[in-house]
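Here is a friendly walk through one protein chain, written for someone who likes to have the residues at hand. Keep the viewer open and follow along.

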Amino acid sequence: MNNEWFHFESEEVRNRFLRRITIEFALLFLLLAGLGFMLQTKVVGLLNASLEESLARRAEDVSLLLESRFHMETAELEKAAAAAAVHPEDIPVILEHLKGDSDEVGVFYGRERFDTERAVNCVNFPGLVQVFLGYPTTAYSRDYGIVFAVPIMRGSNVQGVFYRFYKQENLAREFSISRFNRNAARFFVCTDDNTLVMPYEIYSGDATGPFFDDANYDGFVAVGEMLKTTKAAARYYDGGSGRYFLMSADLSHTHLRVLGYVPWEAVAGDQFHIYDLVLSVFVLMMVIFVIISMYLFYQQARAEESDELRRAKSAAEDARRIADDANRAKSEFLANMSHEIRTPINAVLGLDEMILRETKDAQTRQYAKDISSAGKSLLGLVNDILDFSKIAAGKMDIIPVEYSIGSVINDLINLVHARAEAKGLEFKLDIDSTLPSILKGDEVRVKQVITNLLTNAVKYTEKGSITLGVHYERKTEKMMMLIVSVKDTGIGIKEEDNDKLFNAFERIEEERNRTIEGTGLGMNITKQLLKLMYGWMGVDSVYGEGSTFTVHIPQEIVSEVPLGDFDAAYASSLAKVNEYEESFKAPDARILIVDDTPMNLEVAKGLLKQTEIHIDTAESGQEALVLMAQNDYDVVFLDHRMPQMDGIETLANFLASEGTRNKNIPMISLTANAVSGAREMYIKAGFTDYLTKPINSSQLEAMLMQYLPKDKIQKITAEKITEEQPHELLPDWLYSVGDIHPEVGLANCGGAEEYLATLKIFYDAISEGHKEISQYFDEKDWKNYTVKVHALKSTARIIGAEELSERAMRLEDAGNAGYIEEIERDTEALLALYDSFREKLEPLGRKEEDESEKPLIGEKELDEAVEAIREMAESFDDDSISFIMEELTAYRMPEDKKEWIEELRKAAGRPDWDKVKELLERKA
């Protein structure tokens, strides 16, 4: 038929024509064809059922023949065993008589049954154990063959065993029996688990192929299952490689069975040839009828085609062109907006940070923290979309530069180690010490790829470890393959999810990972970046056990100098952190620490307490400028991120001020900006050095020893530390509190005195904290509830109550995500654990001296103290308030003021400024 018959100028006319043909003929054709196939299926089912019954009987006949053959073997051995039992001296003659066509005939006794020197023993044929229990046995071993064995009895005791052994390669020759047409049925003897033993007869070529075809395996298993209720069975099976009748029958008194097949066509095919022919003729007639009808309708449709349809075709082409232009414009808009929107987001985050640093209102701080969390997530999403858009538009450039691989690894460790430690994960390194130290490649993109893998590993791992491996494989004199692996013990990836792993905007197991932040772009971007750098990535994952991601990136070798033992250096640095002791004293030195967060100042003072350095503090850049103009300092630590006037601005204003005091002393920047290039930035701004936050005590002391005047430093040897600085002891009862780790609290607070003071504050706040969480929970005020469990998380972590902190953290996450069911389920357990600390820390609430021995404070003195507290509260000076409250403990309070003073002391100790002001107003 000429293709021109079906040519249309108009797409609409062609579609109308096809719809008409489909509607008018499809139903008729499907109806008739369905009836034909239903008839065929019914006939085939009836015929197959009849043939299955017949073939099951045939399989039973074959099993009976083989049972008879096996019985002949056993009967002959039993006869010989009976004679040997009466005349054991005739055993050699009997064995000679039994030889026949077997490969081996013999006798062995109990002590010889595990003799591995002989082929026939109970090790190679475990089934022979039965014969020593007095039962004739037929035992089969896939690696050896078949053994027939009977016991030689004397009374009820087994004296020995006669056996006849046939090797595997001779089984078919010795036991084959012709039964059916050789071109149809085929039989094998097999074990109970369908392991083939020997063919029923000696077959040639591909006659045994269906037995070894994996497509037929399920069918053989199914027919074997039928033998649980019957001696013999058969069933029709279409295994994909052909249609067969499968047969099976048990061999009595053995663990063997007969397994066979016969092609379906060999027994049923002829009956269906006529039916197939009629069906074929019917289908052919239908096809001819449809073709003629289609041609008639086609001629009618061509007559209806008009100029309007041709204009519609032209309009469609114009619309497609417009759509393509719009798609390009959309891509460019997405890329531009993703780039431009980062500037206001960064501004929002910066302003939010200023709010966090300036405000003391708890509710406002919580709002600001929520803004910070959401803003960072939004910034990450925008960055991912920008990279994705650049890659999609072909505008992502790879810029090779010379870089230090050691610096890259160090940056990666600084980025991931704290996150892993916060989740209780062990962070391991496996760095090749022979790795060339200076490479050439796109350092930024290499770091981005590895960072994606490391952050994913931390996000999706709840316990265990993260291992970063860096190795290489040299390709040429100047080129190498950088091989980086990230191994985790996380949730792993299902095999069916492997294809989704690199799809854009698609996350695997979305429901399970609903609380884990992410856009679904990270792995897609990683894959595209590797492609741009001519690299690739492999994934090896076991669901529920963990994953290993390995990337290969070609890099040019600039310096052959090896990196060295990076693993040992890293382990040493961790050991030093864990084994801290003050290394010097400097009682004549004076330093200034500037930070807008009072807690950071307290931590720094606590860490340096044992060095006896005189420490001044300031909470703003303006206050720092005043102190530096009035006092002489040996070193100044200046926080970078502060509201109103940040650290860089403060230093610039100080250097530009008149006078020479402190102009030449070391200025150290305190910063959380621990990224590559930070040192150069701060040196350029005028700083002498920088120290990362959170502050590490060893790094802080090392920096002070470097920059303090040498004549003011008194170094302490290990012996001197032991003699002069006895370890601060905590009360014995504290170590018996099972839910607190004192060593963690000591590390967080800097010393025993500070730790005990912090514990006292925590203890005093339990009643009110428990009441507030319960109240917000009962009122379903989830916002304030989340704020309170967040606060509990932090305070519990500081004192070393790790389980309490962990429970609070999970409920904080649930509150932020809106998982109310989880909150309602787990809050009771949190409150019970929190309340248990009242009893556990009860010794902290005991009075250390008799109140009656203290002098009664005068009304005037008390009013002066309260007024001083009021002034300090206006400037949020918790240090001064703590000092005044400590002074008041030396006096006995009037009875009507005791409860009020105790509430004020607790509120100031937290500090809860709203509560302090409320109590002061009540007093007024």
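## The chain at a glance

The chain's secondary structure comes to 28 helices and 23 strands. Please keep in mind that this is a predicted model. The chain has 924 residues, and 41% of them count as buried. If you take the contacts between residues at least 6 apart in sequence, 65% of them join residues at least 24 apart.

## Strand β2 and its partner

A good place to begin is β2, the strand that spans residues 137-141. How many of the residues of β2 are buried? The count is 5 of 5, so the strand is mostly covered. This holds for both of its faces. On one side sit Thr137, Ala139 and Ser141, on the other Thr138 and Tyr140, and all of them are buried. A general point helps in reading that pattern: side chains in a regular strand alternate between the two faces of the sheet.

The partner of β2 is strand β3, which covers residues 145-154. The two strands run antiparallel and are joined by 5 bridges. Within this pairing, Ala139 has Val147 of β3 opposite to it. A hairpin of 3 residues makes the connection from β2 to β3.

## A closer look at Thr137

Thr137 lies in β2, and its relative accessible area is 10%. Because buried means under 20%, Thr137 counts as buried.

What does the side chain of Thr137 reach? One partner is the backbone oxygen of Tyr135, at 2.9 Å. Another is the backbone nitrogen of Val131, at 3.4 Å. Leaving aside residues up to four places away in sequence, Thr137 touches Gly127, Gln130, Val131, Val147, Phe148 and Ala149. Val131 therefore turns up twice around Thr137, as a residue that it touches and as the owner of a backbone nitrogen that the side chain reaches.

## The second largest pocket

Thr137 also takes us to a pocket. The second largest pocket has a volume of about 570 Å³. Of its 21 lining residues, the closest to the centre are Pro136, Thr137, Thr138, His253 and Thr254. Two elements give two or more residues to this lining, namely α1 (11-86) and β2. The one that gives the most is α1, with 5 residues. By class, the lining of this pocket divides into 8 nonpolar, 11 polar and 2 charged residues.

His253, one of the residues closest to the centre of that pocket, also features in a long-range pair. The C-alpha atoms of His253 and His71 are separated by 9.7 Å, while the two residues are 182 apart along the chain. His71 has its place in helix α1 and is exposed, with a relative accessible area of 52%.

## A cavity with a nonpolar lining

Elsewhere, the structure holds 1 cavity of 30 Å³ or more. The largest cavity has a volume of about 30 Å³. Which residues line it? They are Ile405, Ile409, Leu412, Ile450, Leu468, Val470, Leu482 and Val484. By class, the lining of the largest cavity has 8 nonpolar residues, with no polar and no charged ones. At least two lining residues come from each of α9 (405-422), β13 (465-474) and β14 (479-488). The largest share, 3 residues, is supplied by α9.

As general background, empty space of this kind is found by rolling a probe the size of a water molecule over the atoms.

## Two residues with positive phi

Two loop residues are worth a look for their backbone angles. Tyr534 has a positive phi although it is not a glycine, and Asn662 likewise has a positive value in a residue other than glycine. The table sets them side by side.

| Residue | Phi | Loop between | Relative accessibility |
|---|---|---|---|
| Tyr534 | about 60° | α11 (522-532) and β15 (536-542) | 70% |
| Asn662 | near 65° | α15 (647-656) and β21 (667-671) | 6% |

Are these residues buried or exposed? Tyr534 counts as exposed because its relative accessibility is 70%, and exposed means over 50%. Asn662 counts as buried because its relative accessibility is 6%.

Conventions
Residues are numbered from 1 along each chain as its sequence is written. This is a predicted model: local features need pLDDT of at least 70, side-chain atom pairs count only at pLDDT 80 or more; totals for chains, interfaces and linings use all residues. Side-chain values use heavy atoms; hydrogens and water are left out. Helices (H or I, at least four residues) and strands (E, at least two) are DSSP runs, numbered from the N terminus. Buried means under 20% relative accessible area, exposed over 50%, partly exposed in between (1.4 Å probe, protein chains only). A polar contact is a pair of N or O atoms within 3.5 Å; within protein, one must be able to donate a hydrogen and the other to accept it, and residues adjacent in sequence count only if both atoms are side-chain atoms. Contact means heavy atoms within 4.5 Å. Two strands pair if DSSP finds at least two bridges between them. On a 1 Å grid over the protein atoms alone, a cavity is a set of points where a 1.4 Å probe fits but cannot get out, and a pocket is an open set with protein on both sides within 12 Å along at least five of seven lines; lining residues have an atom within 4 Å of a point. Grid points are joined across faces, edges and corners, and a volume is the space filled by probe spheres set on the points. Ala, Val, Leu, Ile, Met, Phe, Trp, Tyr, Cys and Pro count as nonpolar, Asp, Glu, Lys and Arg as charged, and the others, Gly among them, as polar.
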